[in-house]
Amino acid sequence: MKYKFTPGQNPRVLIIQKVYAQLVNKDQNITFEKHRFKKFIKDVVLGTIERLELINDEVKNIENNFNLKNLDQIFRIIIQCAIFELLYKPNLSRKIIIKEYLNVSNFFLNNSQTKYLNAILDHLSKKLVKWMKMILSII
């Protein structure tokens, strides 16, 4: 079943907004309003914030391939949330995760930034797949 969301009801828009609000104002309590995907939103927001150090290490690892130093904070947050989902939500297809974040990026970024985000997320997902295959071959 396909869901149509307005920008204010799209789960990933809400995720990005909540992560941004928390990073800008660390003293603020995060509240989660009633939503059909409330559990998913809460898992991704809290998971991204809790694992931010690990996620930022992943971002640093790709800085050799992409110039990430002058990115907007919202661009970084989109990457961070996508990395969290790619790492910790294995039941979701990586292609779906990338597509959803690209769709959401249209609310926050201009077209050229969305194309750059696509390249970054595609690179990250391929790297993570190789890493997961390596881990599974060891086990």
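Which residue forms a salt bridge with E50, and how far apart are the closest N and O atoms? The partner is R51, and the closest N and O atoms of the two are 3.9 Å apart. Before I go on, please keep in mind that this is a predicted model.

Let me stay with that pair for a moment. E50 is exposed, with a relative accessible area of 61%. R51 is partly exposed, at 31%. R51 also turns up in another kind of contact: its charged end sits over the ring of Y88, 4.5 Å from the ring centre. There is a second contact of this kind to point out. The charged end of K18 sits over the ring of F32, and here the distance to the ring centre is 5.7 Å.

Now the other salt bridges. As background, side chains of opposite charge can pair when their charged atoms come close. Searching the whole structure gives 8 salt bridges. I will go through two more of them.

Take E85 and R12. They form a salt bridge in which the closest N and O atoms are 2.8 Å apart. E85 belongs to helix 4 and R12 to helix 1, which covers residues 11–24, so this bridge ties together parts that lie 73 residues apart in sequence. Are these two residues buried or exposed? E85 has 0% relative accessibility, so it counts as buried. R12 is at 8%, which is under the 20% limit, so R12 counts as buried too. The pair is also part of something wider: R12, E85 and E100 are linked in a network of salt bridges.

The next one is E58 with K127. Their side chains meet in a salt bridge, at 3.5 Å from N to O. E58 is in helix 3 and K127 is in helix 6, so the bridge joins parts that are 69 residues apart in sequence. E58 is buried, with a relative accessible area of 17%. K127, at 30%, counts as partly exposed, because its value falls between the limits of 20% and 50%.

That leaves the aromatic rings. A pair of aromatic rings is described by the distance of the centres and the angle of the planes. How many aromatic pairs does the structure hold? There are 3, and I will describe two of them.

One is F66 with Y116. Their centres are 5.9 Å apart and their planes are at 75 degrees, so the pair is edge-to-face, the label for angles over 60 degrees. F66 sits in the loop between helix 3 (52–61) and helix 4 (73–88), while Y116 is in helix 6, residues 111–138. The two are 50 residues apart, and the pair links distant parts of the chain. F66 is buried, at 13% relative accessible area, whereas Y116 is partly exposed, at 28%.

Y116 also pairs with F75. This pair is tilted, with 6.2 Å from centre to centre and 40 degrees between the planes. Why tilted? The angle of 40 degrees is neither under 30 nor over 60, so neither of the other two labels applies. F75 is in helix 4 and Y116 in helix 6, 41 residues apart, and this pair too links distant parts of the chain. F75 counts as buried, with 0% relative accessibility.

Put these two pairs side by side and Y116 appears in both. F66, F75 and Y116 form one aromatic cluster.

If you look at the model afterwards, start from Y116 in helix 6 and find F66 and F75 from there. Then go to R12 and follow the salt-bridge network to E85 and E100.

Notes
Residues numbered from 1 in each chain as written. Predicted model: local features only at pLDDT ≥ 70, side-chain atom pairs only at ≥ 80, totals over all residues. Heavy atoms only, no water. Phe/Tyr/Trp six-rings, centres within 6.5 Å; stacked < 30°, edge-to-face > 60°. Helix = DSSP H or I, 4+ residues; strand = E, 2+ residues; numbered from the N terminus. Buried < 20%, exposed > 50% of the residue type's maximum accessible area, 1.4 Å probe, protein only. Lys NZ or Arg CZ within 6 Å of the ring centre and 35° of its normal. Salt bridge = Lys/Arg side-chain N within 4 Å of Asp/Glu carboxyl O.
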